[in-house]
Amino acid sequence: MGLFIAMRTSRYLLATLKENPVEAVVDSHRLMLRAGLIRQVASGIYDWLPTGLRVLHKVETIIREEMNKKGAIEISMPVVQPADLWRESGRYVKYGPELCRLKDRKQNEFVLGPTHEEVITALCRNEIKSARQLPMNLYQIQTKFRDEIRPRFGVMRGREFIMKDAYSFHIDHASLEQTYQDMYDAYTAIFNRLGLTFRAVEADTGSIGGNHSHEFQVLADAGEDTIAYSDQSDYAANIEMAEALAPSCERGAPQDPYSKAPTPGCHTVDEAAAALKMDSDNVLKSLLVHAAHEDVAEGQEAKPVELVMLCLRGNQELNEIKTGKIPGIADPIEFATDEEISAFTGAHPGSLGPVGFKGRIIFDRAAEKMSNFACGANEDGYHLINVNLDRDIPNYEVADLRNVEEGDPSPDGKGTLHLRKGIEVGQVFMLGTKYSAAMGATVTDKNGQNIPMEMGCYGIGVTRVVAAAIEQHHDDKGIVWPDSMAPFQVGIVAVGLGKSEEVKNTAEKLYKELEDLGIEVLYDDRDERAGVMFSDMELIGIPHMITIGNKGLAQGIIEYKNRRTLERESVKCEEIVAFIKSKLDMN
């Protein structure tokens, strides 16, 4: 227990707040401020106070133990990184404005590391030369900085944060797959030990890159992500990656020829549907995006932008991640401007449609089943009705463009999909040779050839884990920590300490006995009202609370309260130590 010592409140920075902070909009941010875990220094940047730091250390200890079990080796890399390394990987520009760029006094360019793929690859290209040294898995628990455009939700979406990031190097893909599974298993063990309810889901690789990834999502209503999972199988995916299967129904037969109907002032699907007196699911939603374009070398003239039309049912939403992976579409998605749309079609966005469109048209799988539908006429103030594919729109493609919805069939063919909000706390990636090939991190194989090493990377948002745990574990009184994360195991409240020698002596004796046993105790020895002390203990979320007072001592008892169940028990004074040991499974 060396790191997690017992404390007296009289010698401790117990920075609790009585009122809810006005700037906090989610429960974790509100309770982290009220319980004295953090204080804001600047937007998205926080001090971690003693109680919060104790929780962070608990999380870090569990992470280290599980990483070490899998043979990962801890190192430490700098927060400040040379910009040239990011230019080597090609991410200096592509990472975007979240990458904080700076210069030193000699005008050398640096970045504040949002992640460490470049630094670790540079390290290992110098230190690993032979396949006999592989596989190698190195990790750190380190500060990161991402210049978020809109920091929010406290440490959930901060600019500075602590991450555990690991990077593995391999001679071939089979070796990478084994370590990927080891890290997947380690993450499962970590989040189980932390007492979190979570799901591992298929995920997009984003700016990190690679060709395979899973996110670990803590299920919570405050989550920014949406995950889709089957009710009859283990299938689970971030909504960004969840496949929307084509409807099993056949497309209806065409009826009357299409005709033009006035829809003045209608700029949305719902407005057009109301004007046409039909359901929105029978009105086509048409969006224009940029086709993929080549990077233009300095001095060369850029080619004109080509526009691609995407068509969905009016009541369904475009999935930008899946759409961006379609060949020929700009990735990430770039929506056409109003000026580009007007120049290309002669209409504004609310009046677009595929009939007569002079460009590439892609229909979503569900939209492809529509018949006799309405769509924009490419003329402001008008829509077309009774439109049909093939007859009226001869040239089109079909692809998976939309977000899945509650009740959709599961892509694995088992059951239906349900949607839940989640907080991403970890992600594992198969990077392949994205960084090693770009940065020349090679080893000599058995044939004497220099080949780029296969790589994997594996991250856990340590500070975000704390917020996610609070989102799952709190009540109207405060935080209800899982035992493994609680800043203290036991709280002692001495009622009337300054007025009763018996209360003081009993509390001091019990505190010393529990401390000698290595139990993490917070002893409230303040001369405060009982209600204040009880409220602070409940707010902080200490799992086991002991109350010592004159009334109980007169009967030879001490009161125990369980923070999670709120159940109370009266325990004989001479049995209280054994009782607490049993609650902590120390017998």
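**Thr197.** I began with Thr197, which at a relative accessible area of 47% is partly exposed, in a model that I note is predicted. I placed the residue in the loop between α6 (173-193) and β10 (198-202). Leaving aside neighbours within four places in sequence, I listed the contacts of Thr197 as Gln217, Val218, Leu219 and Gln472. For Gln217, which lies 20 residues from Thr197 along the chain, I noted a C-alpha separation of 8.5 Å.

**Arg568.** I then turned to Arg568 in strand β31 (residues 568-572). Its relative accessible area is 51%, and because the limit for exposed is over 50%, I entered Arg568 as exposed. Outside its neighbours within four places in sequence, I found Arg568 in contact with Glu559, Tyr560 and Lys561, and with Glu559 there is also a polar contact between the two side chains, at 2.8 Å. I looked up Ile546 as well, 22 residues away along the chain, and its C-alpha atom is 9.7 Å from that of Arg568.

**Thr115 and Ser286.** I next took up two residues that carry a hydroxyl-bearing name in my list, Thr115 and Ser286. Thr115 is in the loop between β7 (109-112) and α5 (117-127), and I counted it as buried because its relative accessibility is 3%. The side chain of Thr115 is joined to that of Glu117 by a polar contact of 2.7 Å. Ser286 belongs to strand β15 (residues 284-290), and its relative accessibility of 8% led me to enter Ser286 as buried too. Setting aside residues up to four places away in sequence, I recorded that Ser286 touches Met309, Leu310 and Cys311, and also Leu352, Gly353 and Pro354.

**Chain as a whole.** I went on to the totals, and for the secondary structure I noted 15 helices and 31 strands. Along the principal axes, the C-alpha atoms fill a box of roughly 95 × 70 × 50 Å. The chain has 587 residues, of which 52% count as buried. Among contacts with a separation of 6 or more, I found that 70% come from residues 24 or more positions apart. The exposed area is about 26,900 Å², with 48% of it supplied by carbon and sulfur atoms. I also looked up the charges, 65 positive and 90 negative, and noted that their mean positions are 5 Å apart.

**Nonpolar cores.** In soluble globular proteins, nonpolar side chains tend to be buried together. With that in mind I looked at the largest nonpolar core, which has 56 residues, and entered Phe191, Val466 and Trp481 as those touching the most other members. Apart from it lies another core, of 26 residues, with Ala83, Tyr92, Tyr95 and Met453 among them. Going back to Trp481, and not counting residues up to four places away in sequence, I listed its contacts as Leu37, Val55, Val466, Ala469, Ile470, Ala486, Pro487, Ile540, Gly541 and Arg564.

**Helix α11.** I wanted to know how many residues of helix α11 (residues 462-472) are buried. I found ten of the eleven to be buried, so I wrote the helix down as largely enclosed by the rest of the structure. The buried residues of α11 include Val466, Ala469 and Ile470, which I had already entered as contacts of Trp481. Thr463, Arg464 and Glu471 are also among the buried residues of this helix.

**Backbone geometry.** Most residues other than glycine have a negative phi, and most peptide bonds are trans. I therefore kept a separate list of departures from this pattern.

- I found a cis peptide bond joining Leu134 and Pro135, with omega about 0°, and I placed Pro135 in the loop between α5 and β8 (136-145).
- I entered the peptide bond from Asp331 to Pro332 as cis, with omega near 5°, and I placed Pro332 in the loop between α8 (320-324) and α9 (338-345).
- I noted a positive phi, near 60°, for Asn386, a residue other than glycine, which lies in strand β19 (residues 382-387).
- I noted a positive phi of about 55° for Asp585, again not a glycine, and I placed Asp585 in the segment after α15 (576-583).

Last, I asked whether Asp585 is buried or exposed. Its relative accessibility is 71%, and I therefore closed the entry with Asp585 as exposed.

Note on methods: Residues numbered from 1 in each chain as written. Predicted model: local features only at pLDDT ≥ 70, side-chain atom pairs only at ≥ 80, totals over all residues. Heavy atoms only, no water. Helix = DSSP H or I, 4+ residues; strand = E, 2+ residues; numbered from the N terminus. Buried < 20%, exposed > 50% of the residue type's maximum accessible area, 1.4 Å probe, protein only. Polar contact = N/O pair within 3.5 Å; in protein donor to acceptor, adjacent residues only side chain to side chain. Contact = heavy atoms within 4.5 Å. Areas by Shrake-Rupley, 256 points an atom, 1.4 Å probe, with all protein chains shown as cover. Lys, Arg positive; Asp, Glu negative; His and termini not counted. Charge placed at Lys NZ, Arg CZ, Asp CG, Glu CD. Core = buried A, V, L, I, M, F, W, Y, C linked by side-chain atoms within 4.5 Å.
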